[in-house]
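Open the model in your viewer and keep the selection box handy. We'll hop from one selection to the next and say what is there.

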Protein chains: 2
Amino acid sequence: MPGGLLAIGGKVSSDGAVLRHFYNNSGGAEGNILILPTASTRIEPGEEVIAALASLGLRRRVEVLTIFKREQAMDPDLARRVRQASGIFLLGGNQMRLTATLGGTLLQQELLAAHQAGLTVAGTSAGATALSKLMIAYGRNGAIPRRGSANIIPGLGFTDGVIFDQHFRQRHRFGRLIYAVACNPGYLGIGIDEDTAAWVVDGCLEVVGRSAVTIVDGEEIEDTNVAEVSPQQVVAVSGIRLHLLNHGCKFDLRTRRATLAIEKIESRE
Amino acid sequence: MPGGLLAIGGKVSSDGAVLRHFYNNSGGAEGNILILPTASTRIEPGEEVIAALASLGLRRRVEVLTIFKREQAMDPDLARRVRQASGIFLLGGNQMRLTATLGGTLLQQELLAAHQAGLTVAGTSAGATALSKLMIAYGRNGAIPRRGSANIIPGLGFTDGVIFDQHFRQRHRFGRLIYAVACNPGYLGIGIDEDTAAWVVDGCLEVVGRSAVTIVDGEEIEDTNVAEVSPQQVVAVSGIRLHLLNHGCKFDLRTRRATLAIEKIESRE
């Protein structure tokens, strides 16, 4: 059975629900955890994650896969390390570095196969964006969709049918996610706030963390002028279905129906 | 077994090899052909295709699916018409109209299912671009890749792992296809010239028509600065594999190896 995906909206706190969720779903104290710093080009941000996992009780040493060039991602020894892992954590940075470095490599193939066999895959910020088959490479922030406000490219492909966006509320990315969905209403837009995550397993999404996950469902869009307006012009869209979900809420990705949570989590803001 | 896909680079001649290939692979004289004018918003360009098919020997009436709004693409009666068809031809125009109108609709589902069951799907220009799971919505022409020179969005999804571009040589689209591949070298770029087509069936591509199909394979890309440069700046890429194929040449999409043709076709230019 495929493992779970944890798409984190960035700025994950070291003592919050998100990292605890990753720890609990990656083998707990006996977890064999990898960190992938490719998006970041630095390994330092991984040290906070390692410290947080240790304070949660992780006994084993976390391994950092220092892959920054395509050639390194072709190393046959990676296959063994990926197959032995119970969880991998993709650091943030630039999501295009992830795809330009890993796309079509052995490491990507091994990660996809290991995920199909049960590996938990988490990514924060750029690492979350790149989890899906389609990702926003970069774009223009703001509440209003404009033509071209999201630049979409192929992601790493752990899941499909969804487009993740991160730092969602904090960087005002509602417009670009609406634009992405208007371009092809068959896709679900999933906007994830900071220190919050979408946990996707077995066709169901669950919200974990401090703030909210925004789901943009275009299936009932009646009309849009996205094909007609000029670049950077405002795009009109009618009939978007929207779901704002907080900690504990669930969303069935097949039926596109939400189940709201009764439990509450304290908000910092 | 899935049907074939015929991705045509636009400006298809009414008496050339491309339409003959479509006719031969869509049931011939007894073919049950649909035309989808959604990208064009007009049905007139379909009349030329209908006349050409008639002169090739088609006996049955061609049906034009006049779907221009999402609501129309939800009509349950479309299922019957699509299931009875042996071939469908997507006209050119604007590929974003295709995805924004059909994405997530009943018609898209029925077309994908029928293609899996054997339906031949042809598209010219915008219709070709939209055949894959990822498509270039619009972009900037020119020989040099620049960051953002291709704006990619989700396509209709009859195939995956490739990005089609059309009017390829005529509109100087080499740069934008290189850019698209540099973003994620796991994808193959396929640039199709006018009055030329890529016939994709059973994991193999065959070139049909007057000019060439250009294949951009990024699997051996050694390095690229696509993640680092500013928007519109030139993107450097090293290690691209390139294949320029003309009529009769084949390309195995799994092994990424070409087989050149001995037969020749007269070039108009």
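Which strands make up the open sheet of 4 strands in chain A, and in what order? The order is β8-β9-β12-β15, and the pairing is mixed. Before you click on, some housekeeping: this is a predicted model, so local features need pLDDT of at least 70 and side-chain atom pairs count only at pLDDT 80 or more, while totals for chains, interfaces and linings use all residues. Residues count from 1 along each chain as its sequence is written, chains are lettered from A and ligands numbered from 1 in the order in which they are written, and side-chain values use heavy atoms, with hydrogens and water left out.

**Stop 1: the four-stranded sheet**

Select β8 (162-165) and β15 (241-246) of chain A. These stand at the edges, each with a single partner strand, so one side of each has no neighbour in the sheet. Strands here are DSSP runs of E, at least two residues, and helices are runs of H or I, at least four residues, numbered from the N terminus; two strands pair if DSSP finds at least two bridges between them. On average, neighbouring strands of this sheet are turned by 20° against each other, direction ignored. Angles run from 0 to 180 degrees between N-to-C directions, and axes are lines fitted to C-alpha atoms, for helices over the stretch in contact.

Now pick β9 (residues 188-192) and β12 (residues 212-217) of chain A: they pair in the antiparallel sense over 5 bridges. For a landmark, find A:L188, which stands opposite A:D217 in β12(A).

**Stop 2: the nine-stranded sheet**

Next, show β3-β2-β4-β5-β1-β10-β11-β16-β17 of chain A. In that order, these 9 strands form an open sheet with mixed pairing. Its edge strands, β3 (63-64) and β17 (257-259) of chain A, each pair on one side only. Helix α1 (residues 17-24) of chain A packs on the sheet, touching β1 (5-8), β2 (33-36), β4 (87-90), β5 (120-124), β10 and β11 of chain A. Contact means heavy atoms within 4.5 Å. The direction of α1 makes about 130° with that of β11(A).

Zoom in on β1(A). Its partners include β10(A), antiparallel with 4 bridges, and β5(A), parallel with 4 bridges. On the β10(A) side, A:I8 stands opposite A:A197; on the β5(A) side, A:L5 stands opposite A:V121. In a regular strand the side chains alternate between the two faces of the sheet. Both faces of β1(A) are covered, with A:L5 and A:A7 on one side and A:L6 and A:I8 on the other all buried. Buried means under 20% relative accessible area, exposed over 50%, and partly exposed in between (1.4 Å probe, protein chains only).

One step along, β10 (residues 196-201) and β11 (residues 204-209) of chain A run antiparallel, joined by 6 bridges. Here A:V200 stands opposite A:L205 in β11(A).

**Stop 3: two covered helices**

Select residues 95-102 of chain A. This is helix α4, mostly covered, with 8 of its 8 residues buried. At its N-terminal end A:N94 acts as a cap: a side-chain oxygen lies 2.8 Å from the backbone nitrogen of A:M96. (A polar contact is a pair of N or O atoms within 3.5 Å; within protein, one must be able to donate a hydrogen and the other to accept it, and residues adjacent in sequence count only if both atoms are side-chain atoms.) After α4(A) comes A:G104, with a positive phi near 80°.

Then jump to chain B and take α7 (residues 174-183): 9 of its 10 residues are buried, so it is largely enclosed by the rest of the structure. Among the buried ones are B:Y179 and B:C183.

**Stop 4: the cysteines**

How many disulfides are there over all chains? The count is 0, where a disulfide is a pair of cysteine sulfur atoms within 2.5 Å. The sulfur of A:C204 is 11 Å from the closest cysteine sulfur, in A:C249, too far for a bond. A:C204 is partly exposed, at 26% relative accessible area. In chain B, B:C249 counts as buried at 3% relative accessibility.

**Stop 5: the axis**

Finally, show both chains. Chain A can be laid on chain B by a turn of 180° and a shift of 0.0 Å along the axis, with an RMSD of 0.0 Å. The two copies are thus related as by a two-fold rotation axis. (Superposition is by least squares on the C-alpha atoms of residues with pLDDT of at least 70 in both.) Of the residues of chain A, A:I152 comes closest to this axis, at 2.6 Å (C-alpha). The same surface serves both copies, as 100% of the contact residues of chain A recur in chain B.

Last click: B:N151, in strand β7 (residues 150-154) of chain B. B:N151 counts as buried, at 10% relative accessibility. Leaving aside neighbours within four places in sequence, its contacts include A:N151, B:M135 and B:Y138.
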